[in-house]
Amino acid sequence: MTPKIQADRRPTLLLIGANGQVGWELRRTLASVGEVIAASLEGEYGPTIDLMDPQALARLIEDSRPDALINAAAYTAVDKAERDRATAQRVNAEAVGEMGALLAERGTPIIHYSTDFVFSGTLGRPYTEDDQPDPLNVYGETKLDGERALRDSGARALIFRTSWVYGARGQNFLLTMRRLFQEREELRVVDDQIGSPTWSRMLAEVTAQVLYRVLSGDLDLDRIGGLYHLTGSGQISWYGFAQAILEATGARTRLIPIPSSEYQAPARRPAFSVLDNTRFEETFGLRMPDWRLSLAQCLEEL
Ligand SMILES: NC(=O)c1ccc[n+]([C@@H]2O[C@H](COP(=O)([O-])OP(=O)(O)OC[C@H]3O[C@@H](n4cnc5c(N)ncnc54)[C@H](OP(=O)(O)O)[C@@H]3O)[C@@H](O)[C@H]2O)c1
């Protein structure tokens, strides 16, 4: 059973990757759950941490003595990973296993994120947690290794596989489209890859709610720990997503749907990587909104 945090003490939450899309949102949503130590590569909001350095990771965990660790750091440059496997493997897999081992010793819970790219996208229906992963690219392989390393570490862990993350900051499809709509009269967008856009804010809010219930003893990680699919509801192609952004922003760019074969990229990507969120919804009683609703809310904020 996860040790219950006493009511008179705010738990210490170690957030790793605080300057990423999801991490930046988590820094704020986790503040309602506990005292956040927000660690990142450049130390914008707290301690610096480079996951390439195992000793630095061990020191950070030792010094901060967290009641929970939330890992939002990852090597997410999907195309670059094709020629930089060693770095992606270190950040996405080895470091995650080390976090797990260090936390398992202490019985400290960890929340970690993984990706729809652990699947090839050939199944033809939404993937459940029981479906066999079969990644098409180095990024997906290293993220899958990270899931396995965390599971094998024996740590009390929740792994949330998410997809197509976008938000008001960072590098993502929404911000890229908004920029290109200013620059281009015509834009070609892939129409044969289907997935579920996920707003970084919504992911961070749901994570905070789940963590609160874990730390208050309402949810027992020994019983419900493990892997969950957690994405925005609904599905769409990149082209459809671009069109929704175009309509919402009133831009005038002409969008042209193209097949993936016309968009050359170093890493192969799954054609249909929609994830089935049922296990998450039934376990936690929470449901992510439809991607259109989240997109509208995110755009309102922008
Ligand atoms: N983005 C997506 O579409 C997507 C889809 C599915 C799953 N996910 C998963 O969701 C989680 C959050 O992703 P995100 O979209 O927030 O990614 P992100 O915006 O790229 O953030 C990842 C963060 O990790 C940091 N990082 C990279 N290498 C590091 C290192 N050696 N040491 C410490 N920090 C390091 C990055 O720092 P720098 O920016 O300074 O490099 C960045 O701040 C990840 O586990 C990712 O795999 C993302």
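In this predicted model, the second largest pocket encloses about 290 Å³ of space. Of the 15 residues that line this pocket, those closest to its centre are Glu147, Arg151, Ile159, Gly226 and Leu227. Three elements, α5 (138-153), β5 (157-162) and β10 (226-229), each give two or more residues to the lining of the second largest pocket, and α5 gives the most, with five residues.

The second feature described here is a pair of packed helices. Helix α1 (residues 21-29) packs against helix α7 (residues 200-215) at an angle of about 45 degrees, and the two axes lie 8 Å apart. Angles that are neither under 35 degrees, nor over 145, nor from 65 to 115 count as oblique, and α1 is therefore oblique to α7. The crossing of α1 and α7 is right-handed. On the α1 side the contact is made by Gln21, Val22, Glu25, Leu26, Arg28 and Thr29, while α7 brings Ser200, Arg201, Leu203, Ala204, Glu205, Thr207 and Ala208.

The table sets out the residue classes at both sites.

| Site | Nonpolar | Polar | Charged |
|---|---|---|---|
| Lining of the second largest pocket | seven residues | two residues | six residues |
| Contact of α1 with α7 | five residues | four residues | four residues |

Charged residues thus appear in both places: Glu147 and Arg151 are among the residues closest to the centre of the second largest pocket, and Glu25 and Arg28 of α1 take part in the contact with α7, as do Arg201 and Glu205 of α7.

Technical notes: Residues numbered from 1 in each chain as written. Predicted model: local features only at pLDDT ≥ 70, side-chain atom pairs only at ≥ 80, totals over all residues. Heavy atoms only, no water. 1 Å grid on protein atoms, 1.4 Å probe; cavity = no way out; pocket = protein on both sides within 12 Å on 5 of 7 lines; lining within 4 Å. Points joined across faces, edges and corners; volume = space filled by probe spheres on them. Helix = DSSP H or I, 4+ residues; strand = E, 2+ residues; numbered from the N terminus. Nonpolar A, V, L, I, M, F, W, Y, C, P; charged D, E, K, R; others polar. Axes fitted to C-alpha atoms, helices over the stretch in contact; angles between N-to-C directions. Left-handed = near helix turned anticlockwise from the far one by under 90°. Contact = heavy atoms within 4.5 Å.
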